[in-house]
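Reader: I'd like to go through this model label by label and hear the reasoning behind each one. Can you show me what we're working with?

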Amino acid sequence: VAEEPAPDGIILYFRLQGKLKLTDISFTGNKKYSKRKLSKKLVSKVGEPLNEQRLFTDRQEIIKLYQKAGYPGTEVTYRIQPDEALGQGTVVFEIKESAKVKITDVYFEGNNTYKDKKLRKEIKTRRRWMFSWLTGSGYLKKDQLEDDKDRLAEFYQKEGYIDYDLKDIQYNYTTSNK
C-alpha cells in the first residue's frame, strides 16, 4: 500500500500480487519412503495456488509419518523455488532421515509400590522382541511417549496417589552393528 497526498485528501495505491501456481513437488534425502508414498500424505496439489500454511501442514505430516515408523529425529524442511515471471513455483521438501531407534528395554526408577512389569502393562511403549515386525512395537515414537505419560499419571491417581509426578524420561542410546 502506498499513499500520496492530494489536494482534496489522500490517494491510496494498492499493489496486488497473485499467488504462485504450484507446478511441481519434489523430495530430496528420502530413502525410507518413495516420492509416491510421501505425495499421498500431502494436502498441497500440483496446479493449485501455492499456500504456505498447507506446506507447513504437509511438512508436519511427513514428520509424523517418519516418527510412527521409528525415526524420531527426522528433520523436514521445504524450500519454494519461485518463477515470478511465469507466476509459478516449485516446492522441494528436504528430508534428513535419522537412524531408526529400537527400544531394548523400559525401566522405571523411584517406583517402590509397583513392579516394573505392572507399570509396563499400563503403557503402550514396548521393547523390541521377535514379533515386533508384526505388531509394530519396539520403536521410539514421541507421540506415544506423551500418551504413556498421561496413562501413568491416570494409573497412579486411580490408585490414590494424588501427588504423583513424572520427573523425567531418559534415553540411553547404544550403538549396534545391526
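Author: Sure, and keep in mind that this is a predicted model. Let's begin with a definition: a nonpolar patch joins nonpolar side chains within 5 Å, taken from residues with over 30% relative accessible area and no salt bridge.

Reader: So what makes up the nonpolar surface patch here?

Author: Val1, Ile10, Leu12, Phe14 and Leu16 do, and together they cover about 640 Å². Take Ile10 as a test case: it sits in strand 2, residues 9-13. Its relative accessible area is 56%, which clears the patch cut-off of over 30%.

Reader: And why is Ile10 called exposed?

Author: Exposed means over 50% relative accessible area. Ile10 has 56%, so the label fits.

Reader: Let's zoom out. What makes up the secondary structure of the chain?

Author: There are 5 helices and 5 strands. Read along the sequence, they come in the pattern β-β-β-α-α-β-β-α-α-α.

Reader: How do you know that the chain is more spread out than a compact globule?

Author: For 178 residues the globule rule gives 16 Å, but the radius of gyration is 25 Å, well over that, so the chain counts as more spread out. For the spans, the C-alpha trace runs to about 85 × 45 × 25 Å along its principal axes. Buried residues make up 30% of the chain.

Reader: Why is Thr125 called buried, and where is it found?

Author: Buried means under 20% relative accessible area. Thr125 comes in at 7%, so buried it is. You'll find it in the loop between helix 3 (116-122) and helix 4 (132-135). Leaving aside neighbours within four places in sequence, it is in contact with Ile103, Val106, Gln144, Leu145 and Asp148.

Reader: What makes the Thr125 and Asp148 side chains a polar contact?

Author: A polar contact needs a pair of N or O atoms within 3.5 Å, one able to donate a hydrogen and the other to accept it. The pair between these two side chains is at 2.3 Å, inside that distance limit.

Reader: On to charges. How do you know that Lys64 and Glu61 form a salt bridge?

Author: The cut-off is 4 Å from a side-chain nitrogen of Lys or Arg to a carboxyl oxygen of Asp or Glu. Lys64 and Glu61 meet at 3.4 Å, N to O, so they pass. Both lie in helix 2 (residues 52-68), 3 residues apart, about one turn of the helix. Lys64 at 38% is partly exposed, and so is Glu61 at 24%.

Reader: What makes Asp105 and Arg120 a pair that ties parts together?

Author: Their side chains meet in a salt bridge at 3.6 Å, N to O. Asp105 lies in the loop between strand 5 (88-96) and helix 3, while Arg120 lies in helix 3, so the pair ties together parts that are 15 residues apart in sequence.

Reader: Why is Arg120 called buried, and what is Asp105 called?

Author: The line is drawn at under 20%. Arg120 has 19% relative accessibility, so it counts as buried. Asp105 has 26%, which makes it partly exposed.

Reader: How many salt bridges are there in the whole structure?

Author: The search finds 5. One of them joins Glu146 and Lys149 at 3.4 Å, N to O. Those two share helix 5 (residues 142-158) and are 3 residues apart, about one turn. Glu146, at 44%, counts as partly exposed, and Lys149, at 31%, is also partly exposed.

Key. Residues are numbered from 1 along each chain as its sequence is written. This is a predicted model: local features need pLDDT of at least 70, side-chain atom pairs count only at pLDDT 80 or more; totals for chains, interfaces and linings use all residues. Side-chain values use heavy atoms; hydrogens and water are left out. Patches are made of residues with over 30% relative accessible area and no salt bridge: like charges are joined within 9 Å, nonpolar side chains (Val, Leu, Ile, Met, Phe, Trp, Tyr) within 5 Å. Accessible areas come from the Shrake-Rupley method with a 1.4 Å probe; for residues, only the protein chains shown count as cover. Helices (H or I, at least four residues) and strands (E, at least two) are DSSP runs, numbered from the N terminus. Buried means under 20% relative accessible area, exposed over 50%, partly exposed in between (1.4 Å probe, protein chains only). The radius of gyration is taken over C-alpha atoms; the globule rule is 2.2 Å times the number of residues to the power 0.38. Contact means heavy atoms within 4.5 Å.
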